[in-house]
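Please consider the structure shown here together with its sequence. The account below is meant to be read with both in view.

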Amino acid sequence: MKRFAIVSVLAIAAFALMGCAAHSPDHHAAHSAEHRSAPTLAGPPARAVEFPAPVGNGQPREVRVLVDEPALKLVSIVLRQGTVLPEHHSAVPVTIQAVHGAGTVVAGSERFRIDGSHAVVLAPNVPHAVEPDAGTDIVLLVHHMGRAAEHHH
């Protein structure tokens, strides 16, 4: 069984919508009870999050935490001029999406393309690296799902 997958961003939304409609009322009641005890966002109930502007000049790698809550950590990572994000892992599930540019997520022997219409979903503790297309800039949006004992930095 693989612990990671590449998915279309639109497919994630469609799956979520279809999954909600396909369950019985009993499932919805159990699911609602689960969510009452699930971690919540401590900030305001709705807020805008600003992604990095066009890449511009700066350090080869810049990391900025956009949201850091019990239920979600949202991080932007700018990689300039082909700078590789070396192999690492997260103790929680993550999704990696390119909001500018394109590249490849390397997880073991698997290589997954990321761009504006594809994201990669990784299970906890899957070693992975990100390789921007040669000589290009990429801006990543990384969603850490939930809070583990430690968040990867």
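The following paragraphs treat the overall fold, then a sheet, then the salt bridges and a surface patch.

The model is a predicted one. Its chain has 153 residues, of which 32% are buried. Two helices and ten strands make up the secondary structure. Read from the N terminus, the elements follow the order β-α-α-β-β-β-β-β-β-β-β-β. Among contacts between residues at least 6 apart in sequence, 69% join residues that are at least 24 apart. The chain exposes about 9100 Å², and carbon and sulfur atoms supply 61% of that area.

Strands of a sheet pair through backbone hydrogen bonds, in either a parallel or an antiparallel manner. In this model, four strands form an open sheet in the order 4-9-6-7, and the pairing is antiparallel. The edges are occupied by strand 4 (85-88) and strand 7 (110-114). Each of these two has a single partner strand, so one side of each is left without a neighbour in the sheet. From one strand to the next, the twist averages 20°. At one edge, strand 4 pairs with strand 9 (residues 128-132) in the antiparallel sense, and two bridges join them. Across this pairing, His88 stands opposite His128 of strand 9.

Attention now turns to charged side chains. Side chains of opposite charge can pair when their charged atoms come close. How many salt bridges does a search of the whole structure find? The search finds four, and three of these are described here, beginning with the pair of Glu69 and Arg47.

In the salt bridge between Glu69 and Arg47, the closest N and O atoms are 3.1 Å apart. This pair links distant parts of the chain: Glu69 belongs to the loop between strand 2 and strand 3 (72-79), Arg47 to the loop between helix 2 and strand 2, and 22 residues separate them. Glu69 has a relative accessible area of 9% and is therefore buried, the cut-off being under 20%. Arg47, at 37% relative accessibility, counts as partly exposed.

A second salt bridge joins the side chains of Glu62 and Arg80, with an N to O distance of 3.1 Å. Because Glu62 lies in strand 2 and Arg80 in the loop between strand 3 and strand 4, the pair ties together parts that are 18 residues apart in sequence. Here the acidic residue, Glu62, is partly exposed, with a relative accessible area of 33%, whereas Arg80 is buried at 8%.

The side chains of Asp133 and Arg113 also meet in a salt bridge, at 2.7 Å from N to O. Asp133 is located in the loop between strand 9 and strand 10 (138-145), while Arg113 is part of strand 7, and the two residues are 20 apart in the chain. Strand 7 is one of the edge strands of the sheet described above. Are these two partners buried or partly exposed? Asp133 counts as partly exposed at 25% relative accessibility, and Arg113 is likewise partly exposed, with a relative accessible area of 38%.

The surface also carries a nonpolar feature. Val49, Phe51 and Val99 make a nonpolar patch of about 200 Å². Within this patch, Phe51 sits in the loop between helix 2 (25-37) and strand 2 (61-68). The loop between helix 2 and strand 2 also holds Arg47, the partner of Glu69. Phe51 has a relative accessibility of 36% and so counts as partly exposed.

How values were computed
Residues numbered from 1 in each chain as written. Predicted model: local features only at pLDDT ≥ 70, side-chain atom pairs only at ≥ 80, totals over all residues. Heavy atoms only, no water. Patch = residues over 30% accessible without salt bridge, like charges linked within 9 Å, V, L, I, M, F, W, Y side chains within 5 Å. Areas by Shrake-Rupley, 256 points an atom, 1.4 Å probe, with all protein chains shown as cover. Buried < 20%, exposed > 50% of the residue type's maximum accessible area, 1.4 Å probe, protein only. Contact = heavy atoms within 4.5 Å. Pairing = 2+ DSSP bridges. Axes fitted to C-alpha atoms, helices over the stretch in contact; angles between N-to-C directions.
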